[in-house]
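Work through the following exercises with the sequence and the coordinates open side by side. Each task is followed by a solution that proceeds step by step.

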Amino acid sequence: MRKEGKLEIINAISAQLDQTPNFYVADIAGLNAEKTHALRKACFEAGVELVVVKNTLLTKAIESKGNEEMNKLVEVLAGPTAIMYTEAPNAPAKVIKKFIESGNKKPVLKGAYIQEWPVFIGEDKLDALFGIKSREELIGDIIGLLQSPIRNVLSALEHKDDEKEENAEAAE
């Protein structure tokens with residue numbers, strides 16, 4: 001490949017890292033065409049973009065970012081590598097876990113960069129990544145917590161009204 005072509009790919013990876021600040025690095029080597037298609041389909045359905053890259057080009061793209069946390073992923077870039085870009089920080093973990101639970105040995109998580117978190121390195125971090133909540137899930141949890149005291153007050157007020165009606169009926 002020519003130097004211009006490599007530079008173009010590095011710039012494309014770098015731009016994608018800017019657009020999608022959460023990404024996983026995985027090993028999908030050894031998957032046959034059918035399983036690779038199934039993995040790509042699962043990624044598409046989960047809103048994850050799966051791209052196979054050369055380690056040297058990904059290394060240069062990561063190093064160009066100047067992000068110390070992201071640079072820690074360079075050490076896991078050996079062997080075949082696929083990048084899983086995502087908006088939802090736990091989506092690739094869910095795809096990988098589901099794929100492995102269906103009897104596949106791959107993909108194997110090499111590492112993950114989740115915006116504003118320390119880098120996750122190693123396949124043993126899959127459960128931790130799986131447990132990260134998306135922005136929408138966190139907002140739902142906060143709304144639920146805020147609504148809980150209001151529901152308790154409304155329930156108590158309704159209970160008081162019911163008691164007053166029962167006392168009024170009993171007095172008649």
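A residue is called buried when its relative accessible area is under 20%, exposed when that area is over 50%, and partly exposed in between, with a 1.4 Å probe and protein chains only. The model is a predicted one, in which local features need pLDDT of at least 70 and side-chain atom pairs count only at pLDDT 80 or more, while totals for chains, interfaces and linings use all residues. Residues are numbered from 1 along each chain as its sequence is written, and side-chain values use heavy atoms, with hydrogens and water left out.

**Exercise 1. Describe the chain as a whole.**

Step 1: Apply the burial criterion, by which 35% of the 172 residues in the chain are buried.

Step 2: Assign secondary structure from DSSP runs, where helices are H or I with at least four residues, strands are E with at least two, and numbering starts from the N terminus. The chain then holds seven helices and five strands, in the sequence pattern α-β-α-β-α-α-β-α-β-β-α-α.

Step 3: Count contacts, meaning heavy atoms within 4.5 Å. Of those between residues at least 6 apart in sequence, 75% join residues at least 24 apart.

**Exercise 2. Establish the order and the edges of the sheet.**

Step 1: Take two strands as paired if DSSP finds at least two bridges between them. The five strands then form an open sheet with the order 2-3-1-4-5 and antiparallel pairing.

Step 2: Find the strands that pair on one side only, which are the edge strands, strand 2 and strand 5 (120-121).

Step 3: Examine strand 2 and strand 3, which run antiparallel and are joined by six bridges; V52 has A82 in strand 3 as its bridge partner.

**Exercise 3. Analyse helix 2: which residues are buried, and why do they line one face?**

Step 1: List the buried residues of helix 2, namely T36, L39 and C43. Viewed down the helix axis, these residues fall within an arc of 60° (taken over the directions from the axis to the C-beta atoms), and therefore they line one face of helix 2.

Step 2: Turn to the face directed away from the buried side, where the exposed residues A33, E34, H37, F44 and E45 are carried.

Step 3: Identify the cover over the buried residues of helix 2, which includes strand 2 (48-53), strand 3 (81-86) and helix 5 (91-101).

Step 4: Inspect both ends of the helix. At the N-terminal end N32 acts as the cap, with a side-chain oxygen 3.2 Å from the backbone nitrogen of E34, whereas G47, with a positive phi near 75°, follows the helix.

**Exercise 4. Determine what surrounds helix 5.**

Step 1: Collect the buried residues of helix 5, which are A91, P92, A93, V95, I96 and F99.

Step 2: Name the elements covering them, among them strand 1 (22-27), helix 2, strand 4 (108-113) and helix 6 (126-130).

Step 3: Look just after helix 5, where G103 adopts a positive phi of about 105°.

**Exercise 5. Compare the settings of two threonines.**

Step 1: Locate T59 in helix 3 (residues 55-65), where this residue is buried with a relative accessible area of 16%. Leaving aside residues up to four places away in sequence, T59 touches V74 and L77.

Step 2: Locate T86 in strand 3, where T86 counts as buried at 2% relative accessibility. With the same exclusion of residues up to four places away in sequence, T86 touches T20, N22, G47, V48, A91 and P92.

Step 3: Measure off the side chain of T86, which reaches the backbone oxygen of A88 at 2.7 Å.

Terms used:
A polar contact is a pair of N or O atoms within 3.5 Å; within protein, one must be able to donate a hydrogen and the other to accept it, and residues adjacent in sequence count only if both atoms are side-chain atoms.
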